[in-house]
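Ready for some practice in reading a protein structure? Take a look at the sequence and the model, then try each exercise before reading its solution.

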Amino acid sequence: MKFLTNRNNSLLLAVCILCAGCAGSVNTNNNNQDQKKDSVAEAPQQLDPNKSALVKVNNRLFNVPSPLQLAGIFKKLNLPYSAEYLNSVNKRSDYTTTFKQALNVGVYGADLGYINVYEQLPDAAAYFGAIRMLTQDLGILNSFSENTMKRIEANNGDKDSLLYIASLIYRDSDQYLMNSDRNEVGALIIAGGWLEGLYLLTNLNKADEMKYKQLQIIGQQKYPLDNLIELLRPYYNSLGKEYQSFLDKLSDIASIYDSMSVKYEYMPAQTDEETKTTTIMCSTKVDITKEQVKVIADKVAKLRAEIIN
């Protein structure tokens, strides 16, 4: 596990606390962010779609897993590609409330990452289209510019370009929402993407077939889930019973994680003088059983079914 931050002690502490158990990194040097949007050809070197990001909401920092992050892990674990596990794009028009539209933008984003990592590119355009239509329904289409859609059409056979564009879409919409008065919509998009990733991770194969590394990655979702609940909690009493039920069921899943013990082993930090960044290395070991994974998989699948149907 790697954490990347600048030499700011308070931010360093926040990163250590918030990112614990979640594979990823944070880069606080944003000087060239605008330039990254200008060239798809340079994308693979400029933007890693597998990295987490920090978002600031109500003066609090939260570690946000990219919907593409777990997708890359699936392939490393040699999990199968099964289109039957994806949320069908034909359901897109069934989502008529802000609650379901936002959640399923996240779901489709995670599905798109899964499609791209396994290079099932013919399906990618349909999922981009579903995301685009839902963001239009939500009134946040400006985050998904026509230039971005043209890039998709021009690069629909290029896996690296599609991954880059997908990460831009997620990042730009996330920043837009978290810097506007619609934080709850951004939080739901993040929640949908994380839940879909965990659904795939826990359902693509049976718990009895899972090896140690996969079990550990499932266990390491404890802290992203805790962060997600804290991100959603401020809106618990203001967005209706559907929202409250969703958060209650996430908390129910979190209660399974609370029964697990987590051990950390920190290694010496490495500093890059040229970029003035420090990489903090940490290994995490979660005491998780296959029986606990079965319970998590079942609860996640049921909650996921509620939000996509």
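The exercises below deal with a predicted model, moving from the whole chain to single residues.

**Exercise 1. Describe the protein chain as a whole.**

Step 1: Start with the secondary structure, which comes to 13 helices and 5 strands.
Step 2: Turn to burial: of the 309 residues, 52% are buried.
Step 3: Look at the surface. The chain exposes about 14400 Å², with 47% of that supplied by carbon and sulfur atoms.

**Exercise 2. Check the length of helix 6 and find where its buried residues lie.**

Step 1: Helix 6 covers residues 124-138, which is 15 residues.
Step 2: At 1.5 Å a residue, the helix should span 21 Å, and its end C-alpha atoms are 21 Å apart, so the two values agree.
Step 3: List the buried residues of helix 6; among them are Tyr 127, Phe 128, Ile 131 and Leu 134.
Step 4: Seen down the helix axis, the buried residues fall within an arc of 160 degrees, so they line one face of helix 6.
Step 5: Just after helix 6, Gly 139 has a positive phi of about 80 degrees.

**Exercise 3. Which is exposed and which partly exposed: Asn 78 or Glu 119?**

Step 1: Place the residues. Asn 78 sits in the loop between helix 4 and helix 5, while Glu 119 is in the loop between helix 5 and helix 6.
Step 2: Check the backbone. Asn 78 has a positive phi near 60 degrees, and Glu 119, although not a glycine, has a positive phi of about 60 degrees.
Step 3: Apply the cut-off: exposed means over 50% relative accessible area. Asn 78, at 70%, is exposed, whereas Glu 119, at 47%, is partly exposed.

Technical notes: Residues are numbered from 1 along each chain as its sequence is written. This is a predicted model: local features need pLDDT of at least 70, side-chain atom pairs count only at pLDDT 80 or more; totals for chains, interfaces and linings use all residues. Side-chain values use heavy atoms; hydrogens and water are left out. Helices (H or I, at least four residues) and strands (E, at least two) are DSSP runs, numbered from the N terminus. The expected span of a helix is 1.5 Å times one less than its number of residues. Buried means under 20% relative accessible area, exposed over 50%, partly exposed in between (1.4 Å probe, protein chains only). The arc is that of the directions from the helix axis to the C-beta atoms. Accessible areas come from the Shrake-Rupley method with a 1.4 Å probe; for residues, only the protein chains shown count as cover.
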